[in-house]
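Q: Please take a close look at a single part, the alanine in the middle of a helix that you find most telling. Then tie it to the rest, in short sentences.

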Amino acid sequence: MEPIICLKDVIGEIARGNEEQRAFLNIGTGRIVTFSRDSLDAAELGSAVRAGEEAMVREAGVALNSGDYRELPDQFDIDDCSIMRRFCQTVENDELRRGLLRSIQGRGASMRIRSTVEAFGVAEAWSAFRDKALRAIAIDWLEKQEISYAGE
């Protein structure tokens with residue numbers, strides 16, 4: 001019997017994603033593991049590693065080469081700009097909407113939108129919108145992978 005994956009865990013890992021790490025779901029155990037890009041590169045290339053990193057590189061190699069692991073969507077799979085833009089379009093107040101749209105232009109948009117939603121008092125609305133968007137991404141990914149899941 002395969003484990004039922006906790007949707008909340010998948011969403012949390014997707015939300016945490018960063019460019020220095022990649023996360024994998026072990027579909028046999030339901031466990032999510034993360035590896036540094038360096039560990040994954042070392043596993044792929046078979047390059048030498050520092051003392052104490054052998055086990056992590058070995059596990060990264062298993063994740064890369066085993067059918068038991070699926071790589072979770074990362075920041076390159078998630079269109080944060082689109083999520084931010086869609087949120088801005090939901091704001092009814094014209095001045096606030098324009099301010100939010102200006103805040104997401106160019107590099108550093110994620111940082112600027114955080115400070116802008118705080119300044120305008122809509123941080124909770126932004127957080128709820130983003131959570132809902134990430135939830136939809138997680139569910140879509142799990143269903144495409146044909147992985148059973150449970151939870152809110």
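A: Start with one term: a residue is buried under 20% relative accessible area, exposed over 50%, and partly exposed in between, with a 1.4 Å probe and protein chains only. By that rule, alanine 60 is buried, because its relative accessible area is 0%.

Two notes on reading the model. It is predicted, so local features need pLDDT of at least 70 and side-chain atom pairs count only at pLDDT 80 or more, while totals for chains, interfaces and linings use all residues. Residues are numbered from 1 along each chain as its sequence is written, and side-chain values use heavy atoms, with hydrogens and water left out.

Now place alanine 60. The residue belongs to helix α3, which spans residues 54–65. Helices (H or I, at least four residues) and strands (E, at least two) are DSSP runs, numbered from the N terminus. What does alanine 60 touch, once residues up to four places away in sequence are set aside? Its partners are Phe35, Ser39, Leu40 and Ala43. Touching here is contact, meaning heavy atoms within 4.5 Å. Phe35 falls in strand β3, which covers residues 32–36. Arginine 22 gives a further reference point for alanine 60. The two are 38 residues apart in sequence, and their C-alpha atoms lie 10.0 Å apart in space. Arginine 22 falls in strand β2, residues 21–26.

Step back to the whole chain. The protein chain has 152 residues, and 33% of them count as buried. Alanine 60 is one of the buried residues. The chain holds seven helices and five strands. Read from the N terminus, the order is β-α-β-β-α-α-β-α-α-α-α-β. Taken along the principal axes, the C-alpha atoms fill a box of roughly 55 × 40 × 20 Å. Take the contacts with a separation of 6 or more. Of these, 58% join residues 24 or more positions apart.

Other helices have buried residues too. In α1, which ones are buried? They are Leu7, Val10, Ile11, Glu13 and Ile14. Seen down the axis of α1, these residues fall within an arc of 165°, so they line one face of the helix. The arc is that of the directions from the helix axis to the C-beta atoms. Lys8 and Arg16 sit on the other side of α1, and both are exposed. Several elements help to cover the buried residues of α1. Among them are β1 (5–6), β2, β3, α7 and β5 (149–150).

A general rule helps here. An α-helix has 3.6 residues a turn, so residues three or four places apart point the same way.

Helix α5 can be read in the same terms. It runs over residues 94–103, and its buried residues are Leu96, Arg97, Gly99, Leu100 and Ser103. They cover an arc of only 165° around the axis, which puts them on the same side of α5. On the other side, Glu95 and Arg102 are exposed. What do the buried residues of α5 pack against? They pack against α4 and α6.

Next comes helix α7, one of the elements that cover the buried residues of α1. Arginine 135 is found in α7. Is arginine 135 buried, exposed or partly exposed? At 33% relative accessibility, arginine 135 counts as partly exposed. Its C-alpha atom is 9.2 Å from that of isoleucine 14, although the two are 121 residues apart along the chain. Isoleucine 14 is among the buried residues of α1.

Past α7, the chain enters a loop. Glutamate 146 has its place there, between α7 and β5. Its relative accessible area is 71%, so glutamate 146 is exposed. Its backbone deserves a look as well. Phi of glutamate 146 is near 60°, a positive value in a residue other than glycine. Most residues other than glycine have a negative phi.

Finish in the segment after β5, where glycine 151 lies. Not counting residues up to four places away in sequence, glycine 151 touches Leu7 and Arg135. Leu7 is one of the buried residues of α1, and arginine 135 is in α7. Alanine 119 makes a contrasting reference point for glycine 151. The pair is 32 residues apart in sequence, and the C-alpha atoms are 33 Å apart in space.
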